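Welcome! Have the sequence and the 3D view ready, and work through the exercises below at your own pace.

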Amino acid sequence: MSHARPVLGALIAAALLAAGCGSSSGKGDAAPTTVAAKPAAVAPAATTQTGPIPTKATYVRQADRVCREARGLSRRANQAVTKAFAAKDPAGAADAIDRYLPIFATHVQSVKDLRRPRGDQKVLSGLLKVMDGQVKALTAESKALRDGDDVQLQQIGAAQQQELTFAEELGKQYGFKVCGRTA
């Protein structure tokens with residue numbers, strides 16, 4: 001399987017970002033990155049937020065808690081995808097994506113549903129757009145794996161890597177310890 005190694009890296013990275021979490025390497029320090037280019041991501045759905053407006057620190061803690069929970073899930077998803085690739089089973093990798101994708105999407109929605117503090121809406125909106133885009137990319141990646149479409153897989157992987165770099169910068173700018181951050 002000629003695309004297994006590059007696609008595996010893209011799958012792992014995308015699955016993690018879809019959960020809004022960055023990388024699952026288990027290390028606590030984020031690697032510094034620079035933004036290469038702004039991704040073409042889908043705008044997040046508008047949510048009606050009620051209740052008191054949290055402080056930025058409170059919001060970061062709440063969002064990072066959701067992302068931390070998702071990080072454990074990401075590790076399990078990555079193990080399933082890795083196992084399928086080791087068995088040279090792209091359909092099994094697609095099955096793993098399909099199994100975990102609804103849970104990732106739920107985590108993304110949980111972060112989107114949090115009441116946001118005032119200010120910095122541009123940074124938060126950008127990060128949420130990337131999260132939405134990653135959920136959509138995983139759907140496309142599953143289909144491309146099933147279709148054996150190496151060209152599409154490479155395109156998705158390149159776009160995902162660019163979005164991950166963008167999310168890392170946004171997460172760092174906003175002050176997240178987990179969400180959008182590679183670790």
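## Exercises on charged pairs and the core

Asp98 is partly exposed, its relative accessible area being 35% (buried means under 20% relative accessible area, exposed over 50%, partly exposed in between, with a 1.4 Å probe and protein chains only). Before we go on, note that this is a predicted model, in which local features need pLDDT of at least 70, side-chain atom pairs count only at pLDDT 80 or more, and totals for chains, interfaces and linings use all residues. Residues are numbered from 1 along each chain as its sequence is written, and side-chain values use heavy atoms, with hydrogens and water left out.

**Exercise 1. Find the salt-bridge partner of Asp98 and place both residues in the chain.**

Step 1: Recall the rule: a salt bridge is a side-chain nitrogen of Lys or Arg within 4 Å of a carboxyl oxygen of Asp or Glu.
Step 2: Asp98 pairs with Arg146, and their closest N and O atoms are 2.5 Å apart.
Step 3: Asp98 lies in helix H3 and Arg146 in helix H4, 48 residues apart, so this pair links distant parts of the chain (helices are DSSP runs of H or I, at least four residues, numbered from the N terminus).
Step 4: Arg146 is also partly exposed, at 40% relative accessibility.
Step 5: Widen the view: Asp95, Asp98 and Arg146 are linked in a network of salt bridges. The structure holds 7 salt bridges.

**Exercise 2. Are Glu168 and Arg181 buried or exposed?**

Step 1: Their side chains meet in a salt bridge, 3.3 Å from N to O.
Step 2: Glu168 sits in helix H5, while Arg181 is in the segment after H5, 13 residues apart.
Step 3: Glu168 counts as buried at 1% relative accessibility, and Arg181 counts as buried at 12%.

**Exercise 3. Describe the largest nonpolar core.**

Step 1: Such a core is a set of buried Ala, Val, Leu, Ile, Met, Phe, Trp, Tyr and Cys residues joined through side-chain atoms within 4.5 Å.
Step 2: The largest one has 40 residues, and those with the most contacts inside it are Tyr59, Ala63, Val111, Leu145, Tyr174 and Phe176.
Step 3: Two or more residues each come from helix H2 (56–86), helix H3 (90–113), helix H4 (121–147) and helix H5 (150–174). H4 gives the most, with 11 residues.
Step 4: Zoom in on Val111, which touches Tyr59, Ala63, Val66, Cys67, Leu128 and Met131, not counting residues up to four places away in sequence (contact means heavy atoms within 4.5 Å).
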